[in-house]
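Reader: Could you take me through one part of this model in some detail, the pocket that holds the ligand? I'd like the contacts, then the surroundings.

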Amino acid sequence: MKIHEYQGKEVLERYGVRTQRGLIAENPQQAGEAYAQLGGELAVIKAQIHAGGRGKGGGVKLVKSRQEAEDAADAMLGMMLKTHQTAPEGQLVRKVFVAEGLDLAHEFYVGIVLDRAAGLPTLMVSAEGGVEIETIAVERPEAILKLPIDPMMGLQPHQARRAAFFLGLSGATMKKSIPFFMGLSKAYLELDCSLAEINPLVITEQGEVVALDAKINFDSNAMYRHPDIAEMRDEHEEDPKEVAASRFDLNYITLDGSIGCMVNGAGLAMATMDTIQLHGAKPANFLDVGGAATEENITEAFKIILSDDNVKGVLVNIFGGIMKCDIIARGVIAAARNVEIQVPLVVRLEGTNVKEGRELLAESGLAITSAGSLDEGARFIVKAVNAKEA
Ligand code: GDP
Ligand code: MN
C-alpha cells in the first residue's frame, strides 16, 4: 500500500525525523491560507499523487507570495500530472501540499528497501540526491552505500554513523543525521514498510537535516496491525479494477496482455499465465479467486476482467479440490448469464465432480469451450482470440 508524501512526512515526524513541513490544500484559496499560515516568504506547492518525478512534470513549484501560491495551486489542482511513474495519460491531482520553502545546501538520497536476495531491509545512501537512484545504481554503483539492517536489532548507531560519513557529513549536521537515520529505520521496521525513500534528504543553509520528500510503501498484508496507517489509503490513486477486487477478497493484478484469467490458487494462476505465454499470447491479469469462491465472487471476477478493454478472451482454469466442479460450473454459468460476455470463453475444470461440471457447461447453451487440460485450455483461448482478430 502506498501513501501520499504529506502522509509519509506525518508518519516520519512521529519517529523524530525532521521533514519539510506544510499544510494540505484542496483548492487555491486553502493554498493561499496555508501559505499565510506558514509565515515564510518562500514556500513550495507540491502535487500529491502516488508517483515520483513530480518536479520534472510540473508538480513542484516554488512560490514567493500568497498570490503565487494560489496561482500555482490553481494550475496544479485538476491537472493530469504526467511523470515517468504515472500511466501515459497521467494522474489527476486532487490535493496539493503547501510546504515551507527551504534553502538547500546539499541534496542526498536515503532509502530503506527490502533486499530480497539478502532477505533483509537495507539502508541505501548516496550523495547524489534528487536524481533517480535506479540510474545511479546502473551508472555508478560505487556512489551508493548499502547497509543491511538486522530486522530484530534495527539499524545500529555505528551503521548510521557510517552512512553519515559516506555522505561527507561532519560536526553538527553529522550529529543531526544520526537520529534521522535511526528514526527512519525504526519507522520502516515498526510499520511493516516495504519502502521508505527520502529523495532528497537535504542539508539546509542553516545546517538542518530535513526530509524534503517522503515515499513510503507498506506491506498490504500487515495493515491489520496498523489501522491508523490503513486509513491513509487513497483509493483514487489505485487501479479501479484492483480496488473492486479487494472488496470481494479477490487477489487481482492488472497486466498488459489480452487474455483474461480466472483461476483458483496463486500457484495455478502463475502456471496459467506461463502456459498462455507459451502459446504465444499474454495474460491481461493475475487473478486468484481463492479456495472458497462463491457464485457471487465468480460473477464479480468476470465483471472486473471484462471491464478491461484489453481483454479479448477469457480462460477460466479451476481445480475443484475443496470445492466441487459442478458448483463451480454453476457459478461460471450464472456469471456468464449475468455479465454479457462478448469475447471467447474457455473453461478448464478438473477435480471432484468434474464430469457433472462439464455436463452442466455443455448443457448451458452458452458459447463456452470446454478444455480437458490446462495446455489445451491455453491453446484454445489463444487460437480463438487470434481467429477473431484475423
Ligand atoms: P519529486 O520530483 O516527485 O521527487 O518531488 P520532490 O519532493 O523530490 O521535489 C522535487 C525537487 O524540488 C527537489 O529535488 C528539490 O530540488 C525541489 N524542491 C522541493 N522543495 C524545495 C524547497 O523547499 N526549496 C528548494 N530550493 N527546492 C525545493
Ligand atoms: Mn523526490
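Author: Let's start with a contact: a polar backbone atom of leucine 102 sits 2.8 Å from a nitrogen atom of ligand 1. That counts as a polar contact, meaning a pair of N or O atoms within 3.5 Å; within protein, one must be able to donate a hydrogen and the other to accept it, and residues adjacent in sequence count only if both atoms are side-chain atoms. Taken alone, ligand 1 exposes 560 Å², and the protein buries 80% of that (areas by the Shrake-Rupley method with a 1.4 Å probe; for residues, only the protein chains shown count as cover). Among the elements around ligand 1, those giving two or more residues to the shell are β2 (43–47), α3 (54–57), β3 (60–63), β7 (104–115) and β10. Helices here are DSSP runs of H or I with at least four residues, strands are runs of E with at least two, and both are numbered from the N terminus.

Before going on, a word on the ground rules. This is a predicted model, where local features need pLDDT of at least 70 and side-chain atom pairs count only at pLDDT 80 or more, while totals for chains, interfaces and linings use all residues. Residues are numbered from 1 along each chain as its sequence is written, chains are lettered from A and ligands numbered from 1 in the order in which they are written, and side-chain values use heavy atoms, with hydrogens and water left out.

Back to the pocket. Two oxygen contacts join the one at leucine 102: a backbone N or O atom of glycine 55 lies 2.8 Å from an oxygen atom of ligand 1, and a polar side-chain atom of glutamine 20 lies 3.1 Å from an oxygen atom of ligand 1. There are 18 residues around ligand 1, and Lys46, Arg54, Gly55, Leu102 and Asp213 come nearest (near means a heavy atom within 4 Å). By class the shell splits into 7 nonpolar, 6 polar and 5 charged residues; Ala, Val, Leu, Ile, Met, Phe, Trp, Tyr, Cys and Pro count as nonpolar, Asp, Glu, Lys and Arg as charged, and the others, Gly among them, as polar. Domain 1 (1–20 + 103–238) and domain 2 (21–101) both give residues to that shell, so ligand 1 lies between them; the domain bounds come from an automatic or database assignment.

Asp213 also leads us to the metal. The manganese ion (ligand 2) is coordinated by Asn199 (O) and Asp213 (OD), at 2.2 Å. Asparagine 199 lies in strand β10 (residues 193–204) and aspartate 213 in the loop between β11 (209–211) and β12 (215–218), so the pair ties together parts 14 residues apart in sequence. Donors are N, O and S atoms within 2.8 Å of the metal (3.2 Å for Na, K and Ca), and water is not among the atoms, so sites may look incomplete.

Asparagine 199 has more to show: at 16% relative accessibility it counts as buried (under 20% is buried, over 50% exposed, in between partly exposed, with a 1.4 Å probe and protein chains only). A cis peptide bond joins asparagine 199 to proline 200, with omega about 10 degrees, and proline 200 lies in strand β10 too. For context, most peptide bonds are trans.

As a backdrop, the chain has 14 helices and 18 strands, and 48% of its 390 residues count as buried.
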